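Please work through the exercises below with the sequence and the structure side by side. Try each task yourself before you read its solution.

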Amino acid sequence: MTTYEAFFSRDARSFRPSAIRAFAKLINDPNIISFAGGVPNPDTFPAESIAEVAAKLIRERRAVTLQYGPTRGLPRLCDSIAALCRERGIECDGGDVLTTTGSQQALDLVAHTVLDEGDVVAVELPTYIGGSASFFARSAELAGVAQDDEGIVPESLREVASKRRIKLLYTIPNFQNPSGRLMTQARRTAVLEIAEKHDFLVIEDDPYGELVYVDDADTTAMKSRDSSGRVLYLGSFSKVLAPGLRCGWIVGPKALLEKLEIAKQAADLCSGMLDQSIVDEIVARGELGPQIERVRAFYRGKRGTMLEELQRHFTGRARWTSADGGLFTWVTFDGDIDTAARIETAVANGVAYIPGAPFFVDGSGRNTARLTFAKESDERIREGMARLAAVFA
Ligand SMILES: Cc1ncc(COP(=O)(O)O)c(C=O)c1O
């Protein structure tokens, strides 16, 4: 057969390949200083600890680690996740948790469970591409909501909600991918009030909340004020331990979790038991807290270097977010600059970034770019920023 078009489902016809995957090859060329990646630095992975824990658990607990397990997740891990969430202000216990194969699966499960073709999902401008991919894959329609430095602009959300029936809002309040922004608590309250008034569900995706580099960042979860049970809170160990462990979770109202659990049964029966067992043991040994401190220290300096260099080279020519946490700063160039049109020159000059437009569902953002400070050394960040300045001279 040469074409399979006739076999594809309605949803498959709506699949969108990641517009930034194409840049992945730029990230691994050692001659290119890359601000383009979207992944944690492998030097932050607690590899020795994971190796030791894995070897021990496989030998001593094979009936758990190498066996199928409960769809909800390892009970002790669910309890630990609930404890982590309580520290973030969320009232919950282990029974309110569904573990997932990374928070990416959580996005897919929620999309599968609540969206029909044509349903409207409100997303931030810009938003995480893996999130929009999950919604497009269910044939949803995406409506962009404006952000400023305080997070979602309530008037913009109100306007979208008054024109169209929103079923779901997708938001990343803590150090958003891609913009690095932290939504203020006042904005979170305003967003919840709008959700209440217009009766839509909210996905609060929080993989970066623990990666914080300043003292005064208030990362208290929106979910902590969710009096009507409309927020699904998503978390992940990817950025604080290792994304290869594929361990994420959803905290949500019991009636919704029951449906999501059935969706997960159909998707994969259960998340990897070895992954969960490793995470569970590391948390139970009390190693997560110190690990998070190490990860923060690792990125804090790099973030500072990148901000310094932005200041040095781009003052008066661009604005950027302060990246008080997370892995990214977001640059908005003044004037009529198309960042996608300059990527070839950038690569020829030995530096890479991600043009911002693919993160906008409304086709805007041509003058924006995402830069990560996660990958390169301080020295290479300095050199890379000088190269970037030449590209945008
Ligand atoms: C905002 C956001 N959500 C979800 C994910 C998926 O993470 P994971 O599936 O590894 O937990 C990412 C990964 O980069 C992300 O940036």
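Four exercises follow, each with a solution in steps.

This is a predicted model, in which local features need pLDDT of at least 70 and side-chain atom pairs count only at pLDDT 80 or more, while totals for chains, interfaces and linings use all residues. Residues are numbered from 1 along each chain as its sequence is written, and side-chain values use heavy atoms, with hydrogens and water left out.

**Exercise 1. The nonpolar cores**

Find which residues of the largest nonpolar core touch the most other members, and which helix gives the most to this core.

Solution. Begin with the term: a nonpolar core is a set of buried Ala, Val, Leu, Ile, Met, Phe, Trp, Tyr and Cys residues joined through side-chain atoms within 4.5 Å. Here buried means under 20% relative accessible area, exposed means over 50%, and partly exposed lies in between, with a 1.4 Å probe and protein chains only. The largest core has 77 residues, and those that touch the most other members are Phe237, Trp249, Phe314, Leu371 and Met385. Helix α12 (residues 288-314) gives the most to this core, with eight residues; helices (H or I, at least four residues) and strands (E, at least two) are DSSP runs, numbered from the N terminus. Next take Phe314, which, when residues up to four places away in sequence are not counted, touches Glu309, Trp320, Phe333, Met385, Leu388, Ala389 and Phe392. Apart from the largest core lies another one of 25 residues, among them Leu98, Leu115, Val121 and Leu232.

**Exercise 2. The two sides of a helix**

Decide where the buried residues of helix α8 fall when seen down its axis, and then examine Ser156 in that helix.

Solution. In α8 (residues 154-163), the buried residues are Pro154, Ser156, Leu157, Val160 and Ala161. Seen down the axis, these buried residues fall within an arc of 160 degrees, so they line one face of the helix; the arc is that of the directions from the helix axis to the C-beta atoms. On the other side of α8, Ser162 and Lys163 are exposed. The cover over the buried residues includes β3 (120-125), β4 (141-148), β5 (151-152), β6 (166-171) and α9 (185-198). Ser156 itself counts as buried because its relative accessibility is 15%. Leaving aside neighbours within four places in sequence, Ser156 is in contact (heavy atoms within 4.5 Å) with Val145 and Ala146. A polar atom of the Ser156 side chain lies 2.9 Å from the backbone nitrogen of Ala146.

**Exercise 3. Backbone details in loops**

Locate the prolines that follow a cis peptide bond, and the loops that hold Ser139 and Ala323.

Solution. A cis bond joins Leu125 and Pro126, with omega about 0 degrees, and Pro126 lies in the loop between β3 and α7 (129-136). Another cis bond joins Asn177 and Pro178, with omega about 15 degrees, and Pro178 lies in the loop between β6 and α9. Turning to phi, Ser139 has a positive value near 60 degrees and lies in the loop between α7 and β4. Ala323 has a positive phi of about 45 degrees and lies in the loop between β10 (318-320) and β11 (328-333).

**Exercise 4. The cysteines**

Why is Cys85 not bonded to Cys92?

Solution. A disulfide is a pair of cysteine sulfur atoms within 2.5 Å. The closest cysteine sulfur to that of Cys85 belongs to Cys92 and is 4.7 Å away, which is too far for a bond. Cys247 is in no disulfide either, since the nearest cysteine sulfur, that of Cys78, is 9.1 Å away. By this rule the count comes to zero disulfides.

Notes. A polar contact is a pair of N or O atoms within 3.5 Å; within protein, one must be able to donate a hydrogen and the other to accept it, and residues adjacent in sequence count only if both atoms are side-chain atoms.
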